[in-house]
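Q: Please take a close look at a single part of this structure and describe how that part is built and what lies around it.

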Amino acid sequence: MGLQFDSFVLAASTAALADEPAAREHADAIEFRMDLADEPLAALEAYDGELPILATNRAEWEGGEAPAEGRLEALAEATAVDAVGAIDLELESILDGAAATVLETARDRDVSIVASAHDFEGTPSRDAMVRTLTEAGTYADVAKLAVTAESTADTLALLSATEQVTARGEPVATMAMGDAGRHTRAVAPVYGSKIGYAPVHPADATAPGQYDLETLAGLVARLG
């Protein structure tokens, strides 16, 4: 059964599944960054942790380190691992047809899908963010959008878009990267965001402005 996003899921981001015991106290799932790991498929096969896995094999053109060749095929193989309850696919890969086989394989194996989009340059307009989340949601169980905030106006636009799409009953995960947007990682769940990401160890952040796992867990619990 796929990873469920009926309520907020805090994912501990790591490239080392050996971190899972340290994450259990605060996390609901592990985001396994396959693109940052050595022999990720072997690591998945050997995994014996308690937390379900959200597998991500991020492309270089969207902030990751996975080479183009074999990237999506490896993600498809990951769906065969019982502990993998969800995978992350870039919306662009879905739209250009490259991810068609991965999508079909995940659906056949009852693995949930997160369709993601990242903007490392800035924050689109509120309407544009709503359109992106809506489009991503047509292909996935959760539509994920990460933007780069330069002002409080940017963060307000993101939170407003989050609330609007959530109010329609469509699951989303949103966050603003960078110092100006850091607080959205704790605040966005109040507006409906279904997934939060944080490194187990503060030094292992994979995106600008991430809180460490314990800190984010505490903030979300207090605000919720």
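A: What follows looks at one strand and its neighbours, and then turns to one helix and two loop residues. The model is a predicted one.

The strand is β3, residues 53-56. In a regular strand the side chains alternate between the two faces of the sheet. In β3, Ile53 and Ala55 point one way, while Leu54 and Thr56 point the other way. The side chains on both sides belong to buried residues.

On one hand, β3 pairs with strand β2, residues 29-33, in the parallel sense, over four bridges. Within this pairing, Thr56 of β3 has Arg33 opposite it. Between β2 and β3 the chain passes through helix α2, residues 40-46, and this β-α-β crossover is right-handed.

β3 is also joined to strand β4, residues 84-90, by four bridges, and these two strands run parallel. Here Leu54 has Ala86 of β4 as its bridge partner. Helix α3, residues 71-78, forms a β-α-β unit together with β3 and β4, and that unit is right-handed.

The loop between β2 and α2 holds Glu39. The phi of Glu39 is near 50°, which is a positive value in a residue other than glycine. Most residues other than glycine have a negative phi. Glu39 has a relative accessibility of 61%, so it counts as exposed, the cut-off being over 50%.

A second residue with a positive phi is Asp110, at about 60°, and Asp110 is not a glycine either. Asp110 sits in the loop between α5 (100-108) and β5 (112-118). Its relative accessibility is 46%, and therefore Asp110 counts as partly exposed.

Last comes helix α9, residues 213-223, where Leu213, Leu216, Ala217 and Val220 are buried. These four lie on the same side of α9 because they cover an arc of only 100° around the axis. The exposed residues Glu214 and Arg222 are on the face turned away from that buried side. The buried residues of α9 pack against β1 (9-14), α1 (20-23), α8 (184-187) and β8 (195-199). At the start of α9, the backbone nitrogen of Glu214 has a side-chain oxygen of Asp212 within 3.2 Å.

How values were computed: Residues are numbered from 1 along each chain as its sequence is written. This is a predicted model: local features need pLDDT of at least 70, side-chain atom pairs count only at pLDDT 80 or more; totals for chains, interfaces and linings use all residues. Side-chain values use heavy atoms; hydrogens and water are left out. Buried means under 20% relative accessible area, exposed over 50%, partly exposed in between (1.4 Å probe, protein chains only). Two strands pair if DSSP finds at least two bridges between them. A crossover is right-handed if, with the strands pointing away from the viewer, the path from the first strand over the helix to the second runs clockwise. The arc is that of the directions from the helix axis to the C-beta atoms. Contact means heavy atoms within 4.5 Å. A polar contact is a pair of N or O atoms within 3.5 Å; within protein, one must be able to donate a hydrogen and the other to accept it, and residues adjacent in sequence count only if both atoms are side-chain atoms.
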